[in-house]
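Below is a briefing on one protein model with a bound ligand. The points are grouped by topic and can be read alongside the coordinates.

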Amino acid sequence: MGKRSHDSAELKPKKKSKSDKPPKEKKNKSDKSEKTEKVVAEQENGTSSSDSSTYTQAAGLTALPQSQIDTFMSENIIKFTDPSADALAYRPLTSFDYLPPCDNSNLYAPLKSFPAPTPIQACTWPLLFAGRDVIGIAETGSGKTLAFGLPCLRKLTQSKKSNKPYHPSAVIISPTRELAMQIYDQLIKYTEVTDLGAVCIFGGVSKDEQRTALKTAAIVVATPGRLKDLQQDGSVDLSKVKYLVLDEADRMLDKGFEQDIKDIVAPMPVSRRQTVMFTATWPRSVRDLANTFMSTPVTVTIGGDPSADPRANLRIKQDVEVMDGRDKENRLIQLLTKSQKGKNPEKVLVFCLYKKEAMRVERLISQRGFKVAGIHGDLNQSDRFRNLEAFKSGAATVLVATDVAARGLDIPAVMLVINVTFPLTVEDYVHRIGRTGRAGKEGHAITMFTEQDKGLSGGLVNVLKAAKQNVPEDLLKFGTTVKKKQHDAYGAFFKDVDTDKKATKITFDD
Ligand SMILES: Nc1ncnc2c1ncn2[C@@H]1O[C@H](COP(=O)(O)OP(=O)(O)OP(=O)(O)O)[C@@H](O)[C@H]1O
């Protein structure tokens with residue numbers, strides 16, 4: 001587990017008095033069609049979903065010559081798509097000096113470790129401060145967590161009312177426990193200086209401490225399964241939520257999670273909440289669904305049109321090696337021998353597709369004497385956190401993972417990503433390799449590709465071409481057609497299953 005443990009671990013359970021009791025389970029009577037009509041009506045009216053959002057552009061930012069703004073926009077290939085055609089009025093916040101005033105002057109203090117806002121922060125902050133719904137699309141490792149996190153914290157600090165017990169004001173949903181914990185760890189630096197309570201909720205650990213922490217938390221960072229359980233058993237009431245984030249939004253809206261998200265969001269009136277979605281990949285398949293959760297959203301894209309194929313971070317050198325599956329293990333050991341030699345072995349992340357495959361590959365690597373740890377869905381939560389921590393600290397320099405670690409994880413100084421087995425989708429490929437080359441650094445990814453993966457060759461070729469990478473002849477032989485349909489298991493494969501629960505859900509295995 002990270003240096004900071006989540007609130008629930010720090011709070012001791014108290015004897016419940018009547019007023020301490022969590023809210024009783026409420027039947028959600030909201031009729032779906034009514035809800036959809038409401039969203040449409042609000043979209044037509046263009047009403048703002050926010051109550052405590054105010055934003056006045058700093059005088060210094062207004063004074064900048066338009067040419068300077070235009071250069072920033074074109075250099076970073078920034079695009080705003082706004083049905084209300086209002087977004088361009090908000091100049092990108094190119095320096096922390098232009099942040100709007102905040103009732104709690106401490107809020108911005110932790111930002112001083114950074115030189116300037118990243119492009120996705122610069123462009124989405126003004127819109128989010130102003131209360132707009134936003135879809136933010138930017139490459140892996142580009143600072144999206146603070147892009148949605150800072151406006152959330154400001155909105156809650158500006159609001160005069162304190163939380164009713166068990167009624168959080170903000171919910172941030174992410175697909176995996178490690179990612180939820182990482183978001184929480186980033187945000188807690190800011191909640192600590194502003195006295196906002198936060199809690200991280202995920203499956204695989206006891207619910208009691210989480211229930212206790214929910215009493216005072218203004219911000220809930222959660223994975224969907226456990227949050228839904230706690231909501232359904234009446235441990236938390238989400239009807240006062242005014243800031244909702246879906247991180248890794250395409251994954252959250254995919255069919256593996258779609259129903260959980262709908263159930264969680266049902267009691268949060270769209271008229272009173274600001275809805276924010278962030279991702280590095282934005283397939284067409286989820287866009288219409290995303291709109292049903294949002295009110296006149298502005299889409300902000302950094303690095304090019306989101307209608308194109310998923311885009312890899314341009315600082316990552318991508319090598320694809322087409323080979324026979326039987327040669328993979330030797331090639332893996334060869335690559336590790338090279339990267340692990342000397343006093344300072346490189347941090348290498350090795351991706352497999354199946355849990356059993358990951359265990360086998362981890363055993364192989366360990367037998368060859370490398371310092372390796374593993375992370376996959378069959379490990380219990382404390383082993384997952386411990387192994388991730390071992391990799392972060394350098395106690396293990398190789399981490400073997402399934403796609404549970406593909407998205408969002410921000411592990412410093414991963415030099416090389418090796419894909420032993422290609423993932424189920426090209427989006428997952430982009431996320432996997434995005435564990436290297438983060439926060440402006442260079443990275444390298446080596447992918448073993450076999451005939452079995454040929455259905456994805458077209459999509460991969462497009463990703464390589466878009467990033468101006470070498471496309472091997474052997475890969476082109478498999479064809480360049482991009483199949484429209486995603487793999488059926490996209491989502492289900494990746495879903496974190498709450499190991500505390502009896503197996504009523506499908507547990508995906510190889
Ligand atoms: N303004 C900034 N300047 C420099 N570094 C920053 C800035 N904002 C955030 N970072 C750092 O950049 C790293 C990557 O940020 P983050 O994890 O939010 O990326 P991300 O865009 O969410 O990536 P992914 O798509 O993989 O989830 C983090 O270590 C974060 O602390």
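What follows covers the main sheet, a second group of strands, the ligand site, the cysteines and some single residues.

The model is predicted. Its eight-stranded sheet is open, with mixed pairing. The ligand has 19 residues around it, and there are zero disulfides in the structure.

**The eight-stranded sheet**

- The strand order is E1-E8-E2-E7-E6-E3-E5-E4, and the sheet is open.
- Which strands stand at the edges? These are E1 (78-81) and E4 (198-201); each has a single partner strand, so one side of each is left without a neighbour in the sheet.
- From one strand to the next, the twist averages 15°.
- Strands of a sheet pair through backbone hydrogen bonds, in either the parallel or the antiparallel sense.
- E3 (residues 170-173) and E6 (residues 243-247) run parallel and are joined by four bridges. In this pair, Ile173 is opposite Leu246 of E6.

**Strand E8 and its neighbours**

- E8 spans residues 298-302 and is mostly covered, with five of its five residues buried.
- In a regular strand, side chains alternate between the two faces of the sheet.
- Val298, Val300 and Ile302 point one way from E8, while Thr299 and Thr301 point the other way. Residues on both sides of E8 are buried.
- E1 and E8 run antiparallel, with four bridges between them. Ile78 has Ile302 of E8 as its bridge partner.
- E2 (residues 134-137) pairs with E8 in the parallel sense, also over four bridges. Here Ile135 stands opposite Thr299 of E8.

**Strand E10 and its neighbours**

- E10 covers residues 347-351, and five of its five residues are buried, so this strand is largely enclosed by the rest of the structure.
- Lys347, Leu349 and Phe351 point to one side of E10, and Val348 and Val350 to the other. Lys347 is thus listed with the buried residues of E10, as are Leu349, Phe351, Val348 and Val350.
- E10 and E13 (residues 414-419) run parallel and are joined by five bridges. Val348 has Leu416 of E13 as its bridge partner.
- E10 is also joined to E12 (residues 398-401), by four bridges and again in parallel. The bridge partner of Phe351 in E12 is Ala401.

**Ligand site**

- Which of the 19 residues around the ligand come nearest? They are Gly141, Lys144, Thr145, Asp410 and Arg438.
- Two ligand nitrogen contacts can be listed by the protein atom involved. A backbone N or O atom of Ala116 lies 2.8 Å from a nitrogen atom of the ligand. For Gln121, a polar side-chain atom lies 2.9 Å from a nitrogen atom of the ligand.
- On the oxygen side, a backbone N or O atom of Ser142 is 2.9 Å from an oxygen atom of the ligand.
- On its own the ligand has 650 Å² of accessible area, and the protein covers 88% of that.

**Cysteines**

- How many disulfides does the structure hold? The count is zero.
- The cut-off for a disulfide is a sulfur pair within 2.5 Å. For Cys123, the closest cysteine sulfur is in Cys152, at 20 Å, which is too far for a bond.
- Cys123 is buried, at a relative accessible area of 1%. Cys352 is buried as well, at 0%.

**Positive phi outside glycine**

- Most residues other than glycine have a negative phi.
- Tyr166 is not a glycine, yet has a positive phi of about 65°. Its place is the loop between helix H6 (144-158) and E3.
- Is Tyr166 buried or exposed? Tyr166 counts as buried, with 5% relative accessibility.
- Ala413 also has a positive phi, near 60°. This residue is in the loop between E12 and E13.
- Ala413 is partly exposed, with a relative accessible area of 46%.

**Leu214**

- Leu214 belongs to helix H8 (residues 208-214) and is buried, at 1% relative accessible area.
- Leu214 and Gly149 are 65 residues apart along the chain, and their C-alpha atoms are separated by 19 Å.

Terms used. Residues are numbered from 1 along each chain as its sequence is written. This is a predicted model: local features need pLDDT of at least 70, side-chain atom pairs count only at pLDDT 80 or more; totals for chains, interfaces and linings use all residues. Side-chain values use heavy atoms; hydrogens and water are left out. Two strands pair if DSSP finds at least two bridges between them. Helices (H or I, at least four residues) and strands (E, at least two) are DSSP runs, numbered from the N terminus. Axes are lines fitted to C-alpha atoms, for helices over the stretch in contact, and angles run from 0 to 180 degrees between N-to-C directions. Buried means under 20% relative accessible area, exposed over 50%, partly exposed in between (1.4 Å probe, protein chains only). A residue is near a molecule or strand if one of its heavy atoms lies within 4 Å of it. A polar contact is a pair of N or O atoms within 3.5 Å; within protein, one must be able to donate a hydrogen and the other to accept it, and residues adjacent in sequence count only if both atoms are side-chain atoms. Accessible areas come from the Shrake-Rupley method with a 1.4 Å probe; for residues, only the protein chains shown count as cover.
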